[in-house]
Amino acid sequence: MSQCAPLPWQVDNWQRLLNQYQQNHLPHALLLSGHAGTGKRLFAQALAESLLCSQPVDGKACGQCKGCHLLSAGTHPDFIEISTEEKSRVIKVDQIRALKTFCGKTAQLNGYKVIILQPADCLNISSANALLKDLEEPQPNTVFILVSDQPAQIVATIRSRCHQLDFGVPSVGQATQWLAEQGVSNDTLPQLLVMADNAPLLALQLHEEQALEKRKTIYRGLAEVQQGKSHPAGVAQSLQEYEPLDVVQWLQVWVADVIKAAQVADEKQLKNQDLAGFLMKTAEQAQLNRLYLYLDSLQQHRQALLSGHNPNKILLLESLLISWAQCFEYH
Ligand SMILES: [Zn+2]
């Protein structure tokens, strides 16, 4: 059975908690916060495994005991994970009410009870209020592990009752080594890390989604429309296999890069650093004021799609490409 372990750049936070645990000072509520894609959820899992293991080795779960077996089978009675339900962007008050029953019972295996709640910034006002009561009246041997990329969006009353642990991005060297160990090739690794703002798990996700291939198709389409080699309708057809939100987000990255290329000479500021030369040329031909307006409209499309708006895909793609072409028209 394979247990989770803290990632190399999380060792300090892990050691800090281990010391508190050994001194019987483990906080009853933790908030793991920081940049997306650095492995906070994995850390929470490793901690839950360790707390629910009856014979941890060097602070890590043994993988052999009853607690470890039950947890890995997803049937541990003293563990619960609360997250957003499918297609929902909030943790609902009913989910927190169900948690009350869990908190009210004593631990079945005579050890800890562990609750992972993520993303904690998805609690709405009523669910946060319901949770507050549980946090205010801590039960013995019960640990709440809240996880959030955006802790500022959690109501202050919840935050103030949690011991906050920050998780930064690792150094480039550490991230590179870890990604290489996961099988990411050297050809794509540096660019994936740049696109992920150095967050290794995000870079790995981009690798697994073959994001660079997708980027190539989308940006090739943009270049063809820009140069008048292809009609927006034709390119829209070729992009319809992708989710509209995905295309909009790739466009946002590209347009922001073209604007940066027009204003700043430093290639390190670009997300598509490997395409810096092409970006510079594009920037020379574009109308900057139109690019700004276009970037605004992309943001509006993104918001609409995120809030569940379901437009006709082909029409949306076509209109995005027509607007892109207009950024290069001088009349
Ligand atoms: Zn164990």
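**Zinc site**

I started with the geometry at the zinc ion in this predicted model. The site is tetrahedral, with angles of 103 to 118° among its four donor atoms. I then looked up the donors themselves. They are the SG atoms of Cys53, Cys62, Cys65 and Cys68, and they coordinate the zinc ion at 2.2 to 2.3 Å. Along the chain I read the donor spacing as C-x8-C-x2-C-x2-C.

Next I checked burial at the site. Cys62 and Cys68 are both buried. Cys65 has a relative accessible area of 7%, so I put Cys65 down as buried.

**Cysteines and disulfides**

How many disulfides does a search of the whole structure find? I noted zero. Cys103 is in no disulfide, and the nearest cysteine sulfur, that of Cys162, is 13 Å away. I also looked up the accessibility of Cys103. The value is 6%, under the 20% cut-off, so Cys103 counts as buried.

**Overall**

I stepped back to the whole protein. I listed 15 helices and five strands. The C-alpha atoms fill a box of roughly 75 × 40 × 35 Å along the principal axes. Of the 331 residues, 45% are buried. I took the contacts between residues at least 6 apart in sequence, and 73% of them join residues at least 24 apart.

**The β-α-β unit**

I traced strand E2, residues 79-82, and strand E3, residues 113-117. The two pair in the parallel sense over four bridges. For Glu81 I found the bridge partner in E3 to be Ile116. Helix H4, residues 93-104, joins E2 and E3 in a β-α-β unit, and I noted its hand as right-handed.

**Backbone checks**

Which two residues does a cis peptide bond join? I found Gln118 and Pro119, with omega about -5°. Pro119 sits in the loop between E3 and helix H5 (125-136).

I then looked up positive phi values outside glycine. Asn141 has a phi of about 55°. I placed Asn141 in the loop between H5 and strand E4 (142-148). Its relative accessible area is 46%, so Asn141 is partly exposed.

Asp197 also has a positive phi, near 50°, and is not a glycine. I placed Asp197 in the loop between helix H8 (189-195) and helix H9 (200-208). At 42% relative accessible area, Asp197 is partly exposed.

**Helix H12 and its contacts**

I moved on to helix H12, residues 244-263, and picked Gln252. Is Gln252 buried or exposed? I have Gln252 as buried, because its relative accessible area is 14%, under the 20% cut-off. Leaving aside neighbours within four places in sequence, I listed contacts of Gln252 with Leu295, Leu298, Gln299 and Arg302.

Val253 is in H12 as well. Its relative accessibility is 25%, so I noted Val253 as partly exposed. Not counting residues up to four places away in sequence, Val253 touches Tyr219, Lys271 and Asn272. I checked one of these by C-alpha distance. Val253 and Lys271 are 7.1 Å apart in space and 18 residues apart in sequence.

**Helix H14 and the loop before**

Gln300 is in helix H14, residues 288-306. I looked up its relative accessible area and found 58%. That is over 50%, so Gln300 is exposed. From Gln300 to Val248 I have 9.9 Å, C-alpha to C-alpha, for a sequence separation of 52 residues.

Gln287 lies in the loop between helix H13 (276-285) and H14. I noted Gln287 as buried because its relative accessible area is 16%. Which residues does Gln287 touch, not counting those up to four places away in sequence? I listed Cys327, Glu329 and Tyr330.

**Helix H15**

My last stop was Leu315, in helix H15 (residues 313-326). Its relative accessibility is 54%, so Leu315 counts as exposed. I also checked Leu315 against Gln177. The two are 138 residues apart along the chain, and their C-alpha atoms are separated by 43 Å.

Terms used
Residues are numbered from 1 along each chain as its sequence is written. This is a predicted model: local features need pLDDT of at least 70, side-chain atom pairs count only at pLDDT 80 or more; totals for chains, interfaces and linings use all residues. Side-chain values use heavy atoms; hydrogens and water are left out. Two strands pair if DSSP finds at least two bridges between them. A crossover is right-handed if, with the strands pointing away from the viewer, the path from the first strand over the helix to the second runs clockwise. Donors are N, O and S atoms within 2.8 Å of the metal (3.2 Å for Na, K and Ca); water is not among the atoms, so sites may look incomplete. Four donors count as tetrahedral if all angles lie between 85 and 135 degrees; four count as square planar and six as octahedral if opposite donors are over 155 degrees apart and all others between 65 and 115; anything else is irregular. Buried means under 20% relative accessible area, exposed over 50%, partly exposed in between (1.4 Å probe, protein chains only). Contact means heavy atoms within 4.5 Å. A disulfide is a pair of cysteine sulfur atoms within 2.5 Å.
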